[in-house]
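This report looks at charged pairs, aromatic contacts, cysteines and a surface patch in one protein chain. Please keep the sequence and the model at hand while reading.

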Amino acid sequence: MSTPSEEERSNLRRAIAASALGNATEWFDYGIYAYGLTYISAALFPGSTDEAVLFALATFAISFLVRPLGGLFWGPLGDRIGRKSVLALTILMMSAATLCVGLIPDHATIGFWAPTLLIALRMIQGFSTGGEYGGAATFMAEYAPDDRRGFYGSFLEFGTLAGFSLGAMLMLGFSLMLGEDAMHAWGWRVPFLVAAPMGLIGMYLRSRMEDTPVFRAASALEDAGPPAPPLRLLIERHWRAMLVVGGLVVALNVVNYSLLSYMPTYLQRRIGLSADQALIVPIIGMLLMMVFLPWAGALSDRIGRRAMWRISLIGLLVGVVPLYMLMGTGLYGAVAGFAVLGLLYVPQLATISATFPALFPTQVRFAGFAIAYNVSTSIFGGTAPAVGSGLITLTGNPLMPALYMMLACLVGLLALRFMPETAGQSLYDDPFAQKATR
């Protein structure tokens with residue numbers, strides 16, 4: 001394999017920065033919403049504390065209902081006009097909606113319009129995210145060398161945890177500096193305002209990039225045909241890849257949103273930690289996960305994506321209940337339990353952008369990935385916090401989120417059986433077509 005030129009290395013570094021910053025912006029919003037949930041619910045929703053929190057969790061889930069629509073819209077558009085154009089639009093839309101959440105007057109001032117505006121803005125965020133994540137992963141995968149796609153792709157998820165951690169640390173920092181009264185009055189709004197400059201920087205970086213070499217090469221082929229076939233043909237020809245992605249995403253995002261989004265609420269309301277302690281625990285865990293992400297991505301280039309996913313899914317299946325029990329023992333148990341759960345999850349998280357885009361050929365890569373990923377995420381990912389909380393309320397068992405994660409991991413193991421290995425594979429190939437001919 002030829003050594004990349006300095007220009008190619010420079011383009012790769014800029015592609016990593018542009019992709020990771022967009023992902024960080026997306027997850028920054030999730031971080032400040034999840035970690036500021038008690039303040040947001042008190043300010044924008046009516047009713048008792050429990051009712052307001054439930055409404056806020058449901059609103060978090062509502063944004064995921066429109067993500068498939070975003071995937072249906074942005075995915076084919078990205079396969080037709082290019083990855084970078086779509087990504088420049090989605091990051092701007094996403095950051096603008098996050099900014100506006102921080103400007104909504106509270107319920108005492110405008111009544112039902114407060115939750116109504118929040119729901120509308122969350123739906124805009126969900127629609128833009130429907131194109132953002134699939135596009136960023138595709139963009140990253142198509143720029144990375146085939147033999148190091150896992151390593152470079154892991155930085156997209158480094159951006160995920162960086163954005164989430166930044167949102168969490170801002171909420172925690174303002175909470176410690178301002179106190180509960182000021183946070184409820186106005187302090188919770190400030191982190192939402194940070195989304196504006198993050199979005200502008202991300203849009204600038206993306207607008208200055210060339211589209212990916214893989215997309216440009218496919219577009220230049222005279223016999224390539226229409227770059228994005230109708231949805232019916234996409235499903236007819238690539239349904240296996242879409243089912244595999246959908247099944248793996250069930251495991252991926254039930255674990256993801258249970259650990260990263262629901263955990264502060266779970267630790268505070270179900271375990272009895274203070275508000276600040278419930279923020280500190282996931283922050284420590286996420287910072288530890290960030291250290292291991294590039295290592296896990298590089299390891300997947302050597303031993304394969306399937307092996308990494310198998311290690312993660314089986315480890316979580318065996319360990320999640322004991323680790324949830326450990327978290328229930330107090331602050332130190334919560335730190336240790338969350339850290340181990342996070343490390344068991346890292347092999348999945350580190351390989352998303354190396355695994356999923358490689359399952360589709362170039363002409364339908366953005367659309368196939370975005371649609372399959374977002375349909376599964378909308379049903380199982382965004383609803384995970386509400387399902388976990390609802391199951392605890394229904395049964396009285398604080399381990400129900402852990403049992404739900406075990407069920408999701410079983411679905412992931414089933415899907416993994418049908419996933420072809422893609423480590424080192426050229427993105428010009430269709431792995432399912434190759435598998436069928438062997």
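Which residues are linked in a network of salt bridges? In this predicted model, the network is made up of D79, R83, E142 and R365.

## Salt bridges

Side chains of opposite charge can pair when their charged atoms come close. Across the whole structure, the search returns 6 salt bridges. One of them joins D29 to R122, whose side chains meet with an N to O distance of 2.9 Å. Because D29 belongs to helix α1 (residues 6–35) and R122 to helix α7 (residues 113–143), this pair ties together parts of the chain that are 93 residues apart in sequence. D29 has a relative accessible area of 3% and is therefore buried, the limit for that class being under 20%. R122 is likewise buried, with a relative accessible area of 0%.

A salt bridge also forms between E142 and R83, where the closest N and O atoms are 2.7 Å apart. This pair, too, links distant parts of the chain, since E142 lies in helix α7 and R83 in helix α5 (residues 83–101), with their positions 59 residues apart in sequence. E142 is buried at a relative accessible area of 3%, and R83 is buried at 0%. Both E142 and R83 are members of the network named at the start, together with D79 and R365. Another salt bridge connects R305 with D301, the closest N and O atoms being 3.0 Å apart, and here again R305 and D301 are both buried.

## Charges over rings

What sits over the ring of Y33? The charged end of R122 takes that place, 4.5 Å from the ring centre, so that the residue paired with D29 in a salt bridge also has a contact with an aromatic ring. A second case involves R417, whose charged end sits over the ring of F418 at 5.9 Å from its centre.

## Aromatic pairs and a cluster

How many aromatic pairs does a search of the whole structure find? The search finds 19 of them. In the pair of F73 and W74, the ring centres are 4.8 Å apart and the planes stand at 85°, which means that the pair counts as edge-to-face, a class that begins over 60 degrees. F73 is partly exposed, with 45% relative accessibility, whereas W74 is buried at 4%.

The rings of F292 and W295 also make an edge-to-face pair, because their planes are at 90°, with the centres 6.5 Å apart. F292 and W295 both belong to helix α14 (residues 275–303), where they are 3 residues apart, or about one turn of the helix. F292 counts as partly exposed at 34% relative accessibility, while W295 is exposed at 51%. Elsewhere in the chain, Y133, W309, F356, F369 and Y373 come together as one aromatic cluster.

## Cysteines and a buried threonine

The number of disulfides in the structure is 0. As for individual cysteines, C100 is partly exposed, with a relative accessible area of 33%, whereas C409 is buried, at 1% relative accessibility.

T422 lies in the loop between α20 (400–416) and α21 (431–437). Is T422 buried or exposed? With 0% relative accessibility, T422 counts as buried. T422 and T355 are 67 residues apart in sequence, and their C-alpha atoms are 6.7 Å apart in space.

## A nonpolar patch on the surface

On the surface, L69, L72, L231, I235, W239 and L243 form a nonpolar patch, with about 560 Å² of accessible area together. Two helices, α4 (67–81) and α12 (231–260), each supply at least two residues of this patch, and the largest share, 4 residues, comes from α12.

Among the members of the patch, L243 has its place in helix α12. Why does L243 count as exposed? The reason is its relative accessible area of 57%, because a residue is called exposed when this value is over 50%.

How values were computed
Residues are numbered from 1 along each chain as its sequence is written. This is a predicted model: local features need pLDDT of at least 70, side-chain atom pairs count only at pLDDT 80 or more; totals for chains, interfaces and linings use all residues. Side-chain values use heavy atoms; hydrogens and water are left out. Patches are made of residues with over 30% relative accessible area and no salt bridge: like charges are joined within 9 Å, nonpolar side chains (Val, Leu, Ile, Met, Phe, Trp, Tyr) within 5 Å. Accessible areas come from the Shrake-Rupley method with a 1.4 Å probe; for residues, only the protein chains shown count as cover. A salt bridge is a side-chain nitrogen of Lys or Arg within 4 Å of a carboxyl oxygen of Asp or Glu. Buried means under 20% relative accessible area, exposed over 50%, partly exposed in between (1.4 Å probe, protein chains only). Rings of Phe, Tyr and Trp (its six-membered ring) pair if their centres lie within 6.5 Å; planes under 30 degrees apart count as stacked, over 60 as edge-to-face and the rest as tilted. A charge sits over a ring if NZ of Lys or CZ of Arg is within 6 Å of the ring centre and within 35 degrees of the ring normal. A disulfide is a pair of cysteine sulfur atoms within 2.5 Å.
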